[in-house]
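Visitor: I would like to learn how to read the features of a structure like this one. Please take me through them in turn.

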Amino acid sequence: MTADHRKQRLMPVTVIAVAAFLAVLPLVIHGCSCGHDFDFHLVNWLEVHQQLLHGNLHPQWAFTAAWGAGEPRFVFYPPLSWMVGGLLGFLMPYTVAPIVYTWLCLFLAGLTAWRLVRTITPSSHHTLQLAVAIAYLANPYILFTAYERTAYAELLAAAWMPLLLTAILREQPRWLGIAIPVALLWLTNAPAAVLGCYGLLILGLLRLLLWPREQRRQTLQHFTLGTVMGLLFAAFYIVPAVVQRKWVQAGMAVIEGMRPQDNFLFAHTADPPHDTVLWQASRIAVVLLTLSLGLAAVMFKDRTARLLGAATLVILLLLLPVSGWMWQHAPQLAFLQFPWRFLALQQAIAAALLALAAPRLASFRWTASAASLALLAVTVSVANHFYRQGCDEEDAPGAHITLFERGGGVIPTDEYTVVDADNDLLQQDNPAWWIAALPDAAPPVIGPGNELRVHIPGMPPLAEDKTWNTEHTRLTELWPRSQWLIVNRRAWPAWEASADGSPLPITQRADGLMAIPVPAGPNTVELSLHRTWDQYLGAALTLLGLVLAAVLWAEANRLDCWV
């Protein structure tokens, strides 16, 4: 590779990296935005970081949730975002990591958007392609996600949407090009994966209608194979999440106020702060939809523009109450909660339509570059002024880090709470474990004047117990007669208990905690989180998908055809 060629390839990457830095500059100056999901994600990162230090490379249980009683959060929340966040902690302080994470997501979004526009536009329009990529990483919805909502998993998923759209819009679709973004979406954010699959279905059907008849069979084969292979690649996450969902209160994700019918464009609820966010998203939707439909109308003779324009109309309908029946009956669609989440796909469609308009602007490429920089300046200013959330003292990263280190735990997540467990009955200051005559006994009182009770037999373990927040916990119980051991840990079916090697049954209390009958002491009680059959099945399917992909790739190379 010559120096000029290397420079030509590095220049766009450098420009996108600088543009992403400018997009997070208000965060660099003012500090993290403590948006809606900030504490949820930061605690996930701290939790995963701690478990990585213990050698657990694929965490399943969040120990700090539910005031230290824990929840199976990592079974259901896709791994990519929290794994990246947990790894960032090895490189930098967690007061800085959210800003770097945001920059990384915007940088990846710019790169994938650049790949999208290079696929669907002539190779000679380098400057215009780069301008569209910058416009994508600085569009109002992606900055709304980064600043207002700090929905870090959805922010990372925004980097995979252009890859999915690239695969859909190729003149000759390739199954591997579809499989990779489908898998990445499922491993990043479940709502984004659901809407991505629906987007793939919508755009795929429209493509079958608008593309030549002779291409339909081949297109259908690659779309179907790509979707199946993408699901196989992510099966190690998908299968356990689907099978074990019956063990948690998943329906709590769509309670009143969080249902699709409560969140159509410009709707009103009984919660004014919620309506403020809804109307912000609605205004962004008007901008993206108007831009997309306008560009599609101008370029109506272009087949790809017609495809994207028709998809935009479908998305518009999904954001309006007229589509209520679909949100109620389409598989898994209701769990998106907010119809405006389809803007994650619409922003990629808008970028593609801008790119298709590029040849008409070829003589104005420097004007387009200036316009993209102006857009960057405007949207970042808007994000800083309207979307960035200031941090109260208790919301700042340092406060969360201190709370995590003290081991006080955080609030439970309703949809990840074990079935039949009542979060209202769960106390915040439970000891780690206690001995009682009955399984539903209240915890002992530990406070001023009776601190020494923590050292008598049967009381909570000392702080030196390093195994408490691990998936294999040992407790030494010295009670001289048979009693109930109450453990401040949610009774998840994957937990197993034993005393000196003999299995013990686990009873779930009304507050969801474990109640374990133990024989007269002394006993060494062990709690182990075992891998379930569905996790082994998911891992086997992922391995099968990788092997099949390798075989298909080798066969395609042998036959000199494309994958």
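Guide: Start with burial. A residue counts as buried when its relative accessible area is under 20%, as exposed when that area is over 50%, and as partly exposed in between. Keep in mind that this is a predicted model. Cys-34 has a relative accessible area of 11%, so it is buried.

Visitor: How many disulfides does the structure hold?

Guide: A disulfide is called when two cysteine sulfur atoms lie within 2.5 Å. The structure holds one. Its partners are Cys-34 and Cys-391, with an S to S distance of 1.8 Å.

Visitor: Which parts does the pair of Cys-34 and Cys-391 tie together?

Guide: Look at where each partner sits. Cys-34 is in the loop between α2 (25–30) and α3 (38–53), while Cys-391 is in the loop between α19 (365–387) and α20 (397–406), so the pair ties together parts that are 357 residues apart in sequence.

Visitor: Is Cys-391 buried or partly exposed?

Guide: Cys-391 has a relative accessibility of 32%, so it counts as partly exposed. Its partner Cys-34 is buried.

Visitor: What is the handedness of the disulfide between Cys-34 and Cys-391?

Guide: Read that from the torsion about the S-S bond. Here the torsion is about 95 degrees, so the disulfide of Cys-34 and Cys-391 is right-handed.

Visitor: How far is Cys-32 from the nearest cysteine sulfur?

Guide: The nearest cysteine sulfur belongs to Cys-391 and is 6.4 Å away; Cys-32 is in no disulfide. With a relative accessible area of 8%, Cys-32 is buried. Cys-197 is in no disulfide either, and the nearest cysteine sulfur, that of Cys-105, is 20 Å away. Cys-197 counts as partly exposed, at 25% relative accessibility.

Visitor: Let us turn to salt bridges. How many come out by the rule?

Guide: The rule asks for a side-chain nitrogen of Lys or Arg within 4 Å of a carboxyl oxygen of Asp or Glu. The count comes to seven salt bridges. One of them pairs the side chains of Arg-149 and Glu-154, at 2.9 Å from N to O. Arg-149 and Glu-154 are each buried.

Visitor: Which parts does the pair of Arg-303 and Glu-171 tie together?

Guide: The side chains of Arg-303 and Glu-171 meet in a salt bridge of 3.2 Å, N to O. Arg-303 lies in helix α16 (residues 303–318) and Glu-171 in the loop between α10 (161–169) and α11 (175–186), so this pair ties together parts that are 132 residues apart in sequence. Arg-303 counts as partly exposed, at 24% relative accessibility. Glu-171 is also partly exposed, with a relative accessible area of 42%.

Visitor: Are Arg-509 and Asp-511 buried or exposed?

Guide: Both are buried. Their side chains meet in a salt bridge of 2.9 Å, N to O. As for networks, Arg-149, Glu-154 and Arg-341 are joined into one by salt bridges that share partners.

Visitor: Now the surface. Which residues gather in a patch of positive charge?

Guide: To enter a patch, a residue needs over 30% relative accessible area and no salt bridge. The positive patch on the surface gathers Arg-9, Arg-115, Arg-118 and Arg-174. Of these, Arg-118 lies in helix α6 (residues 97–120). Arg-118 has a relative accessible area of 47% and is partly exposed.

Visitor: Which residues form the nonpolar patch?

Guide: Val-18, Phe-21, Leu-22, Val-28 and Ile-29 form that patch on the surface, and together they have about 430 Å² of accessible area. Two elements, α1 (3–23) and α2, give two or more residues to the nonpolar patch. The most comes from α1, with three residues. Val-18 lies in helix α1 and counts as partly exposed at 45% relative accessibility.

Visitor: One last feature, the backbone. What is phi of Trp-67?

Guide: Phi of Trp-67 is near 55 degrees, a positive value in a residue other than glycine. Trp-67 lies in the loop between α3 and α4 (73–76). Phe-266, also not a glycine, has a positive phi of about 60 degrees. Phe-266 is found in the loop between α14 (235–243) and α15 (272–298). At 33% relative accessibility, Phe-266 counts as partly exposed.

Conventions:
Residues numbered from 1 in each chain as written. Predicted model: local features only at pLDDT ≥ 70, side-chain atom pairs only at ≥ 80, totals over all residues. Heavy atoms only, no water. Helix = DSSP H or I, 4+ residues; strand = E, 2+ residues; numbered from the N terminus. Buried < 20%, exposed > 50% of the residue type's maximum accessible area, 1.4 Å probe, protein only. Patch = residues over 30% accessible without salt bridge, like charges linked within 9 Å, V, L, I, M, F, W, Y side chains within 5 Å. Areas by Shrake-Rupley, 256 points an atom, 1.4 Å probe, with all protein chains shown as cover. Lys, Arg positive; Asp, Glu negative; His and termini not counted. Charge placed at Lys NZ, Arg CZ, Asp CG, Glu CD.
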